[in-house]
Amino acid sequence: MEVAFIADYLIPESLSLTVAVFLLASSTITSMITASLGAGGGVLLLVLMATWMPPAAIIPVHGMIQLGSNVGRAALTWRHVDWRVIAAFAPGVLIGAALGAWLLVNLPAHIWQLTIALFVLYLCWGPALPKGAFGAPGVFLASALTSFVSLFVGATGPLVAAFIKQIHADRFKTVATFATAMTLQHAPKALVFGMAGFVFLEWLPFILAMIACGFAGTWLGLHVLNSLSNRRFSLIFNIVLTALAVRLLWQASASAGWW
């Protein structure tokens with residue numbers, strides 16, 4: 001009876017019970033990864049969802065799950081949020097999302113993948129950007145560009161994370177500010193994709209269940225984060241972002257037909 005209830009009311013018709021349970025478990029694990037290592041969980045979850053979910057549902061559903069997951073992470077770490085960065089980030093989200101909603105076109109995937117990957121690698125291992133790049137104008141520009149791209153590729157988290165990491169050495173400030181920034185960036189997706197005709201109601205019970213599992217993962221991940229030093233966190237953070245950037249480079253080469 002209970003299994004039948006879950007299958008009938010919580011799981012969309014396009015997913016089997018086995019896949020849904022696997023994705024729910026993945027939401028917990030990937031949220032734990034992001035909370036403890038700073039980034040990576042959202043992209044990993046996107047890859048897993050893309051394996052089984054209908055293409056039209058991947059980015060809007062992933063956006064809503066990430067919105068809920070980041071709200072939970074921001075709520076648990078709000079004392080560490082750099083509100084000056086968020087004040088500059090918020091207007092850029094509105095501009096980028098509005099421009100993306102206006103265009104909403106299919107842009108060449110390999111261009112965005114290549115650009116994001118190279119810039120993430122530069123932010124992790126290249127020379128430091130001028131301090132002016134991390135002031136209010138720089139944060140606003142980064143927010144607008146990543147918010148615009150996020151509507152099409154859904155994988156700008158590593159870029160935002162790498163940018164915020166350049167501002168803060170403290171691991172808790174990095175995680176908290178990143179979570180708040182991504183909360184703002186994912187929020188407009190409900191409106192944009194709703195206006196574009198995506199029916200969120202069909203996916204809502206599953207989205208809420210994924211968010212609940214993600215919150216549990218965040219709680220576990222923050223306990224792991226507490227055991228790390230800032231130096232070790234920074235090293236692991238760079239390694240995780242580098243792995244994600246390499247994956248994007250591989251995707252870009254495949255999308256462009258380079259091999």
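Where is serine 26 found? Serine 26 sits in helix α2, and since this is a predicted model, everything below describes a prediction. Let's start from that residue and work outwards.

**Serine 26 and helix α2**

Serine 26 counts as buried because its relative accessible area is 6%, under the 20% cut-off. Setting aside its neighbours within four places in sequence, serine 26 is in contact with Leu45 and Leu48. Both of those appear among the buried residues of α3, a list that also has Gly41, Gly42, Val43, Leu46 and Met49. Back in α2, the buried residues are Val19, Ala20, Leu23, Ser26, Ser27, Thr30, Ser31, Thr34, Ala35 and Ser36.

**Helix lengths**

Here is how three helices compare with the span expected at 1.5 Å a residue.

| Helix | Residues | Expected span | First to last C-alpha |
|---|---|---|---|
| α2 (17-37) | 21 residues | 30 Å | 30 Å |
| α3 (41-52) | 12 residues | 16 Å | 17 Å |
| α4 (55-76) | 22 residues | 32 Å | 32 Å |

For α4, the 22 residues should span 32 Å at 1.5 Å a residue, so the 32 Å between its end C-alpha atoms agrees.

**Where α4 meets α11**

Helix α4 is mostly covered, with 17 of its 22 residues buried. One of its partners is α11: the two axes come within 9 Å and cross at roughly 35 degrees. That crossing is right-handed. On the α4 side, the contact is made by Val61, Met64, Ile65, Gly68, Ser69, Gly72, Arg73 and Leu76. From α11 come Ile207, Met210, Ile211, Phe215, Thr218, Trp219 and Leu222. Sorted by class, this contact has 10 nonpolar, four polar and one charged residues.

**Two nonpolar cores**

What about the inside of the model? The largest nonpolar core has 37 residues, and Val120, Val160 and Leu241 have the most contacts inside it. Several helices each supply at least two residues of this core: α5, α6, α7, α8, α9, α11 and α12. Of these, α12 gives the most, with seven residues.

Valine 120 makes a handy example. Leaving out its neighbours within four places in sequence, valine 120 is in contact with Pro158, Leu159, Ala162, Leu241 and Ala245.

There is also a second, separate core of 24 residues, including Val19, Met49, Ile58 and Ile59. Two of those names have come up already: Val19 is a buried residue of α2, and Met49 is a buried residue of α3.

How values were computed: Residues numbered from 1 in each chain as written. Predicted model: local features only at pLDDT ≥ 70, side-chain atom pairs only at ≥ 80, totals over all residues. Heavy atoms only, no water. Helix = DSSP H or I, 4+ residues; strand = E, 2+ residues; numbered from the N terminus. Expected span 1.5 Å × (residues − 1). Buried < 20%, exposed > 50% of the residue type's maximum accessible area, 1.4 Å probe, protein only. Core = buried A, V, L, I, M, F, W, Y, C linked by side-chain atoms within 4.5 Å. Contact = heavy atoms within 4.5 Å. Axes fitted to C-alpha atoms, helices over the stretch in contact; angles between N-to-C directions. Left-handed = near helix turned anticlockwise from the far one by under 90°. Nonpolar A, V, L, I, M, F, W, Y, C, P; charged D, E, K, R; others polar.
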